2 protein chains.
Amino acid sequence: MTIIELIERKRDGGGLTGEEIRWIITEYTAGSIPDYQMSALLMAIFLRGFNERELAVWTEAMMHSGDVLDFSHLPTAKVDKHSTGGVGDKVSIPLAPIVAACGLVVPMMSGRGLGHTGGTLDKLESIPGFRARLDPDEFGQILERHGMVLAGQSETLVPADRLIYALRDATGTVPSIPLISSSIMSKKLAEDLDGLVLDVKVGKGAFMKHEAGARKLAETMVGIGAAHRTRVVAILTDMSQPLGTTVGNALEIHESLDVLAGNGPPDTTEIVYKLGAEMLLLGNLAQTEREARHMMRDAVDSGAAMERFSAVIEAQGGDPAALIDRSLLPAARDTRELRAPRAGFITRCDALDIGTAAVRLGAGRATKEDDVDPGVGIIVHHKVGAEVEGGEPLATVHYNDEQTLENALGLLQDAWEVAPTPPPPPSLLIGEVR
Amino acid sequence: MTIIELIERKRDGGGLTGEEIRWIITEYTAGSIPDYQMSALLMAIFLRGFNERELAVWTEAMMHSGDVLDFSHLPTAKVDKHSTGGVGDKVSIPLAPIVAACGLVVPMMSGRGLGHTGGTLDKLESIPGFRARLDPDEFGQILERHGMVLAGQSETLVPADRLIYALRDATGTVPSIPLISSSIMSKKLAEDLDGLVLDVKVGKGAFMKHEAGARKLAETMVGIGAAHRTRVVAILTDMSQPLGTTVGNALEIHESLDVLAGNGPPDTTEIVYKLGAEMLLLGNLAQTEREARHMMRDAVDSGAAMERFSAVIEAQGGDPAALIDRSLLPAARDTRELRAPRAGFITRCDALDIGTAAVRLGAGRATKEDDVDPGVGIIVHHKVGAEVEGGEPLATVHYNDEQTLENALGLLQDAWEVAPTPPPPPSLLIGEVR
């Protein structure tokens, strides 16, 4: 067996055996297959695809390229949630403590922002002192004590994915459903989960612009879960406009705290409850969605969810006082209002433009090496369907630098559309795949 | 413009502009585009193809990646011939001196054997002292003085092809018609030719197993020639069985000398005359094929062709005495006859098996770094259509080592098929593309 033969077979549309796939992942991770052969194979996979069997084996092989966590000694179900990424998507931050307070174990590993979408870790790091990088022992201890942890991917987990993702990023092989699915699922399955809820975003601000593609991606990941005998549910949610009212790191912590306090914006709150209910159902802590939502509401109303969040932030080095006295969170020096050019109904509030504007302000990264500015961002006052007066503020831009403000405003001017007649009501929950 | 954007465009079936293609070839040759990005692009080209315009620009860009020869000061037409490679294909060796003796200028650059096909340079190097590696000045001087030269590709000519070919060889992207065509044509066009005759081999022992693929390859190369305003003619010839009666380096020099002396085997002689006539027509030294064949026959009968060959061999360091006293050519220590298992008609004489057996004897290379054994090889006594007695010799194997003999015989046993009824007569000339 040589890698050239395997490249040729995939190039011609043939299938790879389980043994061959395991060999490829092992040898590439060990550095024995050079990048130039792997990138040719990845392009062949991009263009020829994988069948279900190949995809399941590829994902398992990636998963086993490094450590695999073992939380079998924990008495409760371990359930995680993963989002394919969007603008203003701070859902993980309130969701984890709410479902942990309901009794689930949530070993949540998150990522950083790249491109126009933000990253959970960047948002959490705007809390003074918070550390996203935990060693495996710390990770396990915090998880055992608090039933949740909010950390970055461990270096020793799924090293094959880190290598392959970097190569895909440099060789035009990122947007492939099998390669995306296996990348996500290998990392999640390595967390030793009993269940996984996927939030697959659809729309202008998401990786998948249309429902059909999002559904295919969701079905593929649910299929991988089934092949691995892990229960996976995917919820398709709208990302044509930003989620909630804030885009930017510290600003999204404010909104997350609002959700934990029971007074978050309706759309963010609804996504948190919908995904949380699915997690509690997968973990067998509730029998119906109604019961699950009731448990979550209790965890919020009793303050248990907020307490849980505070304890975990403290355990990971963050200052819990900043969750109460929010003036301790970073803030931008200046603000500027963006106003409605005329009276009417908002028919568009563009997630991609607003996400890109936030990056221009410094809230995100242009390259992996950039630092983020925690205080800057955009508060969104009105979204699709709202009726506004001419001159009424549509958004407040939080900025630290005039030049970045100008760059952001250039995009934001066109992000909203105000028309004389109301649009059809947008739907937040688009579909689900089980 | 980034290479990633160009990879993505080709991946999705889009076209690359002339400027983009020139940039890719320049930057890759300069080492500024890494192998792992080029191999992903090559796989995308393999699977998505090139349109005619892209292929012409890609070929020109390759051609201009290094030196381009200039023989415009020579008074006569410069015409070369290129074969896509086969078993027993020694045609270049007698062809060049015959057409040079007719007045053409033939700046022939040849290659080495790899896989089951032999290489002209390996064959010539079995002549004691012969040097295939010439510096550009020597190349020009020999060409000017003798009207021909038989050399390897200069290091400074088309460096992009050397780099890209090595990468394709390692990444499963060799058998692509646009990539093969541009590789061949960039090197030939860099020779500053007035005309080019292509010998496109078809059959089991050739790269193209079937006529349709060979015709497509021929049409593509003729099209590149047209875009470059160079007259190119492609002749499709049979490679289901070896050409002539010898396979192996020194053995093929014997047969080449026979053709130059006017007593070569009919099939080799016919291919030499057919391709030579096309070369003389392209060079406007003859007006009809009949006239061209007449000129060539005269050059052979008068001894002018043999004299020309002898002079060039001497100019390139070879011992011209070995062309007269053939005992000075290398020879294997032992021979073994392969006999017909029964009486009947030969219905198969497999070029691939016989070529592979010759490699096992040491006549070819398993890897680029291997040396060839000049004396070993196979003399083929009977080919398709011949009637044989049971026990009559089909071939004589020339070998130096018992183990290599056994390995070769393992293949040769099955290379011939003897049946009770005669097969349809095989055709040597299969078609042509102008």
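**Two copies, one shared surface**

Mentor: Welcome! Let's start with A:Glu52, which is found in helix H4 (residues 52-63) of chain A. Keep in mind that this is a predicted model.

Trainee: Why is A:Glu52 called exposed?

Mentor: The relative accessible area of A:Glu52 is 72%. Exposed requires over 50%, so A:Glu52 earns the word.

Trainee: And how far is A:Glu52 from A:Glu191?

Mentor: The two are 139 residues apart in sequence, and their C-alpha atoms are 22 Å apart in space.

Trainee: Over in helix H12 (residues 266-282) of chain A there is A:Thr269. What makes A:Thr269 count as buried?

Mentor: Same kind of test, friendlier than it sounds. Buried means under 20% relative accessible area; A:Thr269 has 15% relative accessibility, so it counts as buried.

Trainee: Which residues does A:Thr269 touch, leaving out those up to four places away in sequence?

Mentor: A:Val259 and A:Gly264. To be called a touch, heavy atoms must lie within 4.5 Å.

Trainee: Now the pair of chains. How do you know that the two copies are related as by a two-fold rotation axis?

Mentor: Good one. In general, two copies of a chain are related by a rotation about an axis and a shift along it. Here, a turn of 180° with a shift of 0.0 Å along the axis lays chain A on chain B, with an RMSD of 0.1 Å. The copies are thus related as by a two-fold axis.

Trainee: Which residue of chain A comes closest to that rotation axis?

Mentor: A:Tyr36, whose C-alpha is at 1.9 Å.

Trainee: Why can we say that the copies meet through the same surface?

Mentor: Because 100% of the interface residues of chain A are also interface residues in chain B. Each chain brings 22 residues to the contact.

Trainee: How much area is buried between chain A and chain B?

Mentor: About 1,600 Å², with carbon and sulfur atoms giving 73% of it. On the chain A side, A:Arg11, A:Tyr36 and A:Leu47 lose the most area to chain B, together 34% of what that side buries.

Trainee: How many salt bridges and polar contacts link the chains?

Mentor: There are zero salt bridges between chain A and chain B, but seven residue pairs are in polar contact.

Trainee: Which element gives the largest share of the side of chain A that touches chain B?

Mentor: H3(A), with ten residues. By class, that side of chain A has eleven nonpolar, five polar and six charged residues.

Notes. Residues numbered from 1 in each chain as written. Chains lettered and ligands numbered in written order. Predicted model: local features only at pLDDT ≥ 70, side-chain atom pairs only at ≥ 80, totals over all residues. Heavy atoms only, no water. Buried area = accessible area lost by both parts, 1.4 Å probe. Salt bridge = Lys/Arg side-chain N within 4 Å of Asp/Glu carboxyl O. Polar contact = N/O pair within 3.5 Å; in protein donor to acceptor, adjacent residues only side chain to side chain. Helix = DSSP H or I, 4+ residues; strand = E, 2+ residues; numbered from the N terminus. Nonpolar A, V, L, I, M, F, W, Y, C, P; charged D, E, K, R; others polar. Least-squares fit on C-alpha atoms with pLDDT ≥ 70 in both. Buried < 20%, exposed > 50% of the residue type's maximum accessible area, 1.4 Å probe, protein only.
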